[in-house]
Amino acid sequence: MAKKDEKSHKNAPLIGIDIGGTGIKGGIVDLKKGKLLGERFRVPTPQPATPEAVAEAVALVVAELSARPEAPEAGSPVGVTFPGIIQHGVVHSAANVDKSWLDTDIDALLTARLGRPVEVINDADAAGLAEARYGAGAGVSGTVLVITLGTGIGSAFIFDGKLVPNAELGHLEIDGHDAESKASAVARERDGLSWDEYSVLLQRYFSHVEFLFSPELFIVGGGISKRADEYLPNLKLRTPIVPAVLRNEAGIVGAALEIALQHKLAK
């Protein structure tokens, strides 16, 4: 009986929360399919986005999701993403949130506030993990690099389906510039570039990353992955390059998957 009970806990749904610069969104994740059960729930990110204010907003999202009929067991662990470098649960960079986050033990803060185990992962890492398990990278062995083109350039480094955390490939220096200052989606808009002009910058970026890591696959995410046909066909690489498929749910799904893997609740 214990064996069966243990099995039923594997891949049981879990809550994932995605903390962003403008919104905090969450959902109940079906870990077998990598999909949300029911609608996601979103609240605006508090301004200023201090640790205490964000912790309250996360608690609000978790309370709403926990009241649903499909909610996981009370006290089950919660996975959370954060837009910064996270090492051993501590925040080491905070680009789009309040600077008071630096050196905050975010795992301890949220675990105390929610009264249940919480583990936090970088937002690009979470999206990459989800995309590699359930999306465009499913079943691909070796190195898969998930690159998100948005406000900056986010990246996730996956090897044989496992995450190598905190790979900040948007900050590679290319031609004397931080890559994301020239090749992010925001930089394209700021500089008024056509898709063809933007493709030249992306070619330079992806060729350099390809030379450094020789990945098996590039997956491109971020808002402009919807327009992938405007620029991906222009890129000449050895490595296959495809758009992400999980879109806006990738962070939530990846947060839940990461905590499931850490707690041995998913294979």
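## A strand pair to start with

Strands β9 and β10 run antiparallel and are joined by three bridges. (Helices, H or I with at least four residues, and strands, E with at least two, are DSSP runs numbered from the N terminus; two strands pair if DSSP finds at least two bridges between them.) One bridge to look for: Phe159 has Lys162 in β10 as its partner.

Before going on, note that this is a predicted model, where local features need pLDDT of at least 70, side-chain atom pairs count only at pLDDT 80 or more, and totals for chains, interfaces and linings use all residues. Residues are numbered from 1 along each chain as its sequence is written, and side-chain values use heavy atoms, with hydrogens and water left out.

## The sheet around β9

Go along this open, mixed sheet and you meet five strands in the order β10-β9-β8-β13-β14. β10 (162–164) and β14 sit at the edges, each pairing on one side only. From one strand to the next, the twist averages 30 degrees. (Axes are lines fitted to C-alpha atoms, for helices over the stretch in contact, and angles run from 0 to 180 degrees between N-to-C directions.)

Helix α4 lies across β8, β9, β10 and β13, at about 45 degrees to β9. Helix α7 (residues 195–213) packs on the sheet too, touching β8, β9, β13 and β14; contact here means heavy atoms within 4.5 Å.

## The other sheet

Another open sheet, again mixed, has five strands ordered β3-β2-β1-β4-β7. Its edges are β3 (35–44) and β7 (118–122). In it, β1 (residues 14–19) and β4 (residues 78–82) run parallel, with four bridges between them, and Ile17 stands opposite Val80 in β4.

Here's α4 (residues 123–134) again: the helix lies across β1, β4 and β7, at about 90 degrees to β7.

## The largest pocket

What lines the largest pocket? Its lining has 44 residues, and Asp123, Ala124, Thr148, Gly150 and Thr151 are the closest to the centre. (On a 1 Å grid over the protein atoms alone, a pocket is an open set of points where a 1.4 Å probe fits, with protein on both sides within 12 Å along at least five of seven lines; lining residues have an atom within 4 Å of a point.) α4 gives the most to this lining, with five residues.

## One exposed proline

Pro233 is in the loop between β13 (217–221) and β14 (241–243). Pro233 counts as exposed because its relative accessibility is 52%, and the cut-off is over 50% (1.4 Å probe, protein chains only).

Conventions
Buried < 20%, exposed > 50% of the residue type's maximum accessible area, 1.4 Å probe, protein only.
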